[in-house]
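User: I would like to learn how to read a few features of a protein model, one at a time. Could you take me through them?

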Amino acid sequence: MDYKEFTDKLQERTGRDVAVIDKVMSAMSSVFKEQCSNMNTISVQGFGSFEPKKKMEREVVNPVTGVRMLIPPKIVLSFKPATGIKNRIKELRQDEQ
């Protein structure tokens, strides 16, 4: 599902105008960016949590050329689904089998 499909579903379920949905999504995105850049975990009840983690700098070797490169440190965002979502996915997998 891409952004357009997601906003269409939200519009359909909430009955709100597309412009309002876009404004809410933009605001939510900026809050996520701000909080994650400050290394704060974001928990969404019933959905899961987003946790920023620091990856240290590391050295890699190109297997073809043998050239060594230094990868700078970075922050990655990990997602842990809520128990309800995990159980629902588990049920769906069992139904498929």
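Analyst: Happy to; we will look at pockets, a surface patch, salt bridges and backbone angles in turn. Please keep in mind that this is a predicted model.

User: Let's start with empty space. How much space lies in the largest pocket?

Analyst: The general idea first: rolling a probe the size of a water molecule over the atoms shows where empty space is left. In this structure, the largest pocket holds about 330 Å³ of space.

User: Which residues line the largest pocket?

Analyst: The lining is made of M1, F6, K9, L10, R13, M28, S29, F32, V44, F47 and F50. Sorted by class, that lining has 8 nonpolar, 1 polar and 2 charged residues.

User: Which helices supply at least two residues each of that lining?

Analyst: Helix 1 (3-14) and helix 2 (18-37) each do so. Helix 1 gives the most, with 4 residues in the lining.

User: F47 is in the pocket lining. Where is F47 found along the chain?

Analyst: Look at the loop between strand 1 (42-44) and strand 2 (48-55), which is where F47 is found. With 38% relative accessibility, F47 counts as partly exposed, because that class runs between the buried limit of 20% and the exposed limit of 50%.

User: Which residues make the nonpolar surface patch?

Analyst: V44, F47 and F79 make that patch, with an area of about 230 Å². V44 and F47 also appear in the lining of the largest pocket, so you can use F47, a partly exposed residue, as a landmark for both features.

User: Now to charges. How many salt bridges does the structure hold?

Analyst: Side chains of opposite charge can pair when their charged atoms come close. This structure holds 4 salt bridges, and we can look at some of them. One of them joins the side chains of D8 and K4, at 3.2 Å from N to O.

User: Why are D8 and K4 about one helical turn apart?

Analyst: D8 and K4 are 4 residues apart in helix 1, and therefore about one helical turn separates them. As for accessibility, D8 is partly exposed, with a relative accessible area of 31%, whereas K4 counts as exposed at 52%.

User: Which residue forms a salt bridge with R88?

Analyst: That partner is E91, and the closest N and O atoms of the pair are 3.8 Å apart. R88 and E91 are 3 residues apart in helix 3 (residues 83-96), so about one helical turn lies between them. R88 is partly exposed, with a relative accessible area of 45%, and E91 counts as partly exposed at 40%.

User: And are E59 and R68 buried or exposed?

Analyst: Both E59 and R68 are exposed. Their side chains meet in a salt bridge too, at 2.9 Å from N to O.

User: Let's finish with the backbone. What is the phi of M39?

Analyst: Most residues other than glycine have a negative phi, and most peptide bonds are trans. M39 is not a glycine, yet its phi is positive, at about 65°. You will find M39 in the loop between helix 2 and strand 1. M39 is partly exposed, with a relative accessible area of 33%.

User: One last reading: how far apart are I75 and S30 in sequence and in space?

Analyst: They are 45 residues apart in sequence, and their C-alpha atoms are 17 Å apart in space. I75 lies in strand 5 (residues 74-81), and I75 is partly exposed, with a relative accessible area of 45%.

Note on methods. Residues numbered from 1 in each chain as written. Predicted model: local features only at pLDDT ≥ 70, side-chain atom pairs only at ≥ 80, totals over all residues. Heavy atoms only, no water. 1 Å grid on protein atoms, 1.4 Å probe; cavity = no way out; pocket = protein on both sides within 12 Å on 5 of 7 lines; lining within 4 Å. Points joined across faces, edges and corners; volume = space filled by probe spheres on them. Nonpolar A, V, L, I, M, F, W, Y, C, P; charged D, E, K, R; others polar. Patch = residues over 30% accessible without salt bridge, like charges linked within 9 Å, V, L, I, M, F, W, Y side chains within 5 Å. Areas by Shrake-Rupley, 256 points an atom, 1.4 Å probe, with all protein chains shown as cover. Buried < 20%, exposed > 50% of the residue type's maximum accessible area, 1.4 Å probe, protein only.
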